[in-house]
Amino acid sequence: MLKTAISQSQLREWQQEINDISAEFRLTITFNQLNTRDHRFEALCISQSTPERVCQQHKISLLQYINADLEKHTQDSTTPEVDIHHQLIRSKEGHIIAALSFSAVNHDLDKLGLFQPLSAIQVRIADMLSNAICVYVNSSDLDIKSDTGISHAVDVQAFINAFDEHIWIKDLHGIYIGCNKSVERAWRKTTEQIVGKSDFDLFDKRTADSFVEGDKLAIEAGTTVVVSECEEVDLHFNKVWLETIKAPIHDDQGQPIGVIGMTRNIAKHKEAQEQLVLAANVFQNAVEGVVITDSDGNITEINQAFTDITGYSREEVMGKNPSILSSGRHPKSFFERLWNTLLVQGKWHGEIWNRRKHGAIFPQAITISAVFDKQNIIQYYVAVFADISVQKQNEEKLKNLAYFDPLTQLPNRMQFMSLVEQELSHSNRAKKQLAIIFLDIDFFKHINDSLGHVIGDEILVELAKRLSYALSDYDVLARLSGDEFVVMLPSISGTDSVTSSVDRLRSVFERPFILDNAQSVRLTASMGVAIYPSDGDDHDSLLRNADAAMHRAKLDGRNNYAFYTESMTKQAVAQLKLQTALHQAMANDDFYLVYQPKLTLKDNTTCGFEALIRWHDPVLGDISPGEFIPLAEKIGLIWGIGLWVLKTACLQGVEWLTQGKSFERISVNVASLQLNRSDFVDQVRLILLETGLPAKHLELEVTESCMMHDPDAIIRDLKLLGAMGIALSIDDFGTGYSSLNYLKKLPIDKLKIDQSFVRDIPHDSNNTAIAKAVIALGHALNLQIIAEGVETQAQADFLRENGCDLAQGYLYSKPQLPSALEAFLPLVSEHKA
């Protein structure tokens, strides 16, 4: 075969030559080799941008030409009626091994057919190219393998069977005289059932009439015509677009003797056509001006925005150089650098001052891109530009606003940069760190687009106030532009303090923004953090790196933050991974409860159990409550987790009661954020009703920190819970708020001595004194005292001797699953006995 006998470099030379001749003489050229085994054509070279449909018509015409040639044993060109010129390439043995086909596009709308007859010069050029290739093939010592050659007529049936398209042949009377395998599959009939039949024998009258009409159209046109396009369903029930073309078959005298037809799937062409229509609409309706030039820089197309911006119509600029817009404000060296960048990198972006048609000079932000062909040769230049006159005017106004943003009254960029520069000098002398936090509101453009910029400005003002309240007096908050804010944290002590500040900033978005019409809007923000001096040693680099970290946070899903440094990012990523896993654990029900017995110190009998949550993640493994409970409080999941723990513990209590087991109460820890909810009491009541657990078997443990926020409301809710029959205890007493004034008002039943005070008794004099004081204080207030974390007998003896009522800890039992607590759950009858 010719393709394997010649070198790739020779093929590329022929391809370039064909492209050049095609462009110069307006010819469509296809160069096909013939596979002698199955009589199929294979393309060697095709002139650039030749449609598939034209290639198919070249092949059909070439098949007819080869058959006629073999019958006449001549090399004459195809008859003029076909309008496709063929030249055969033969081996030294005289076998046809390839062929060149030439056609010219018909631009005369009054004449049917895709092609027009070749002119004398086009035929001459075609012959010259063919002769050159023939000379090369016959003069070169090529090893062209040809097992049989073509010394007889091509097997038409084998040829048409090789096509996936439906191909059939009829005589002038409309009788089918041949078809390929694709037709058999599509029509679900064998060749014997089709050949010799007419359309009226095979199809309904309406379909047959349309087919016969298409045959007449092809015969009358004397050339290939498209007779139909339609959307149908193929054998696999997929929607496809089908195109049917028909061409007349002529005898040696040029008289029509039949019709050949072909139906093919043009779904890809339809899709491409739709994409072209879409692209054209986008092109014409784009807000930015678009201008396209050829490789010499002459304008070939513009869009409407170009006219709107510059004032020049399409007719006024076609074929001209964009230099007609030159303002004269840029030196020659500016454009030299522009073209150098464009030729080396293929793209240039920047600002240019140009002149409108009426003479006004205006600034534009422009991106110029080079468009390359397959040979990496520049074919076009595309420039997209926007009029930034208003932007420039605003920039001039901003320069006059010395230090503060007029909307939010926060420091502007200039003031912020000045403050950062001063603080950097101080940090450098004191060898301290500082942090820059870049904050960008997620999808704030949607607010402006849907509610208007007035509402958007109101939200920005409210946000600025919230952010200011979330920061300390030493921190600096500034608004850079639009929805971008930046914070400087001077003299930070480490990453923990930065993370704490970020969390405070994120917390301002938890509450919705209430508009004048009572409508509420919720927002999130993405933040990036850069640390001095590790992430930059000047204000520009710090701000740039913080901005880069913010963009990475956006890429990670928004409503997030990222550190610029790799080590800090890993820490942030780990927390984000844990946060994501915590959300998934809520959905997958990955939590479970264990229970630690509480015993009476006087006789070591069981008086209750404390329910403790545990979490095993399938990927992260066992995760400590000390790690995920604070995170749940931070991201707002503690409410849902707390209700799940309460309900699960109540269900376990009901199960034990149903089994006849005896216990006083199951205690459940309540976070301060839960108790601060106005509907907490109602939720507890609802869970007791749903599970059926009597309130006398439930105990709630609250921490001292719950009194930090609205203590009067907390006391009211605790009284309501106590009135329901629920026991209440103060957990971790002595480690937090410890207000005796509020302690005497609380309707509580027990005080729990924190394990930090129990750990070193009786050897640590301070801890023993604290334990004794708590016991005495509790008894003075008529409260029971329970000690947690009891691990040794010496601790238990000390607590018993000093009047402690209850205890829990590893000395008695570690927290266990319900199935392992049988020894601590006597039956009711045993308990009474």
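The legends below accompany several close-up views of a predicted model.

**Overview. The predicted protein chain combines 30 helices with 31 strands.** Of the 833 residues in the protein chain, 46% are buried. Among contacts in the protein chain with a separation of 6 or more, 58% are between residues 24 or more positions apart. The structure holds 0 disulfides; with regard to individual cysteines, Cys607 is buried at a relative accessible area of 6%, and Cys650 is likewise counted as buried, at 0% relative accessibility.

**View 1. Helices α2 and α4 pack against each other in a roughly antiparallel arrangement.** Helix α2 spans residues 8-25 and helix α4 spans residues 120-139, and their axes lie 11 Å apart at an angle of about 175 degrees. Because angles over 145 degrees count as roughly antiparallel, the pair falls into that class. On the α2 side the contact is made by Gln10, Trp14, Glu17, Ile18, Ile21 and Phe25, and on the α4 side by Ile121, Gln122, Ile125, Leu129, Ile133 and Tyr136.

**View 2. Helices α15 and α19 cross at roughly 115 degrees.** The axes of α15 (residues 413-430) and α19 (residues 539-555) come within 9 Å of each other, and the crossing angle makes α15 roughly perpendicular to α19. The residues that meet here are Arg413, Met417, Val420, Glu421 and Leu424 in α15 and His539, Asp540, Leu542 and Leu543 in α19. In the loop between β21 (525-532) and α19 lies Pro533, which is joined to Tyr532 by a cis peptide bond with omega of about 10 degrees.

**View 3. Helix α24 places its buried residues on the same side.** The helix comprises 12 residues, 680-691, and reaches 17 Å from its first C-alpha to its last, close to the 16 Å expected at 1.5 Å a residue. Its buried residues are Phe680, Val681, Val684, Ile687, Leu688 and Thr691; they share one side of α24 because they cover an arc of only 125 degrees around the axis. The elements that cover them include helices α22 (638-658), α23 (672-675) and α25 (711-723), together with strands β26 (665-670) and β27 (698-703). After the helix comes Gly692, whose phi is positive, near 85 degrees.

**View 4. Helix α29 has one face lined by its buried residues.** Within α29 (residues 793-801), the residues Gln795, Ala796, Phe798 and Leu799 are buried. Seen down the helix axis, these buried residues fall within an arc of 165 degrees, so they line one face of α29. Their cover includes α27 (755-758), α28 (765-780) and β30 (784-788). The loop between α27 and α28 contains Pro762, and the peptide bond that leads to Pro762 from Ile761 is cis, with omega near 5 degrees. Gly803, which follows α29, has a positive phi near 90 degrees.

**View 5. Gly214 is a buried glycine in helix α9.** The helix runs over residues 205-221, and the relative accessible area of Gly214 is 6%. Although Gly214 and Gly261 are 47 residues apart in sequence, their C-alpha atoms are 9.5 Å apart in space. With neighbours within four places in sequence left aside, Gly214 is in contact with Val227 and Lys246.

**View 6. Strand β18 contains Pro490 and Ser491.** Within this strand (residues 484-492), Pro490 is buried at a relative accessible area of 16%, whereas Ser491 is partly exposed at 35%. The C-alpha atoms of Pro490 and Leu434 are 4.6 Å apart, although 56 residues separate the two in sequence. Not counting residues up to four places away in sequence, Pro490 touches Glu423, Gln433, Leu434, Tyr474 and Asp475. Ser491 has a positive phi, near 50 degrees, in a residue other than glycine.

**View 7. Ser49 is exposed in the loop between β2 and α3.** The loop that holds Ser49 connects strand β2 (40-46) with helix α3 (52-72). Ser49 has a relative accessible area of 68%, and its phi is positive, about 65 degrees, although the residue is not a glycine.

Note on methods
Residues are numbered from 1 along each chain as its sequence is written. This is a predicted model: local features need pLDDT of at least 70, side-chain atom pairs count only at pLDDT 80 or more; totals for chains, interfaces and linings use all residues. Side-chain values use heavy atoms; hydrogens and water are left out. Helices (H or I, at least four residues) and strands (E, at least two) are DSSP runs, numbered from the N terminus. The expected span of a helix is 1.5 Å times one less than its number of residues. Buried means under 20% relative accessible area, exposed over 50%, partly exposed in between (1.4 Å probe, protein chains only). The arc is that of the directions from the helix axis to the C-beta atoms. Contact means heavy atoms within 4.5 Å. A disulfide is a pair of cysteine sulfur atoms within 2.5 Å. Axes are lines fitted to C-alpha atoms, for helices over the stretch in contact, and angles run from 0 to 180 degrees between N-to-C directions. Angles under 35 degrees count as roughly parallel, over 145 as roughly antiparallel, 65 to 115 as roughly perpendicular and the rest as oblique.
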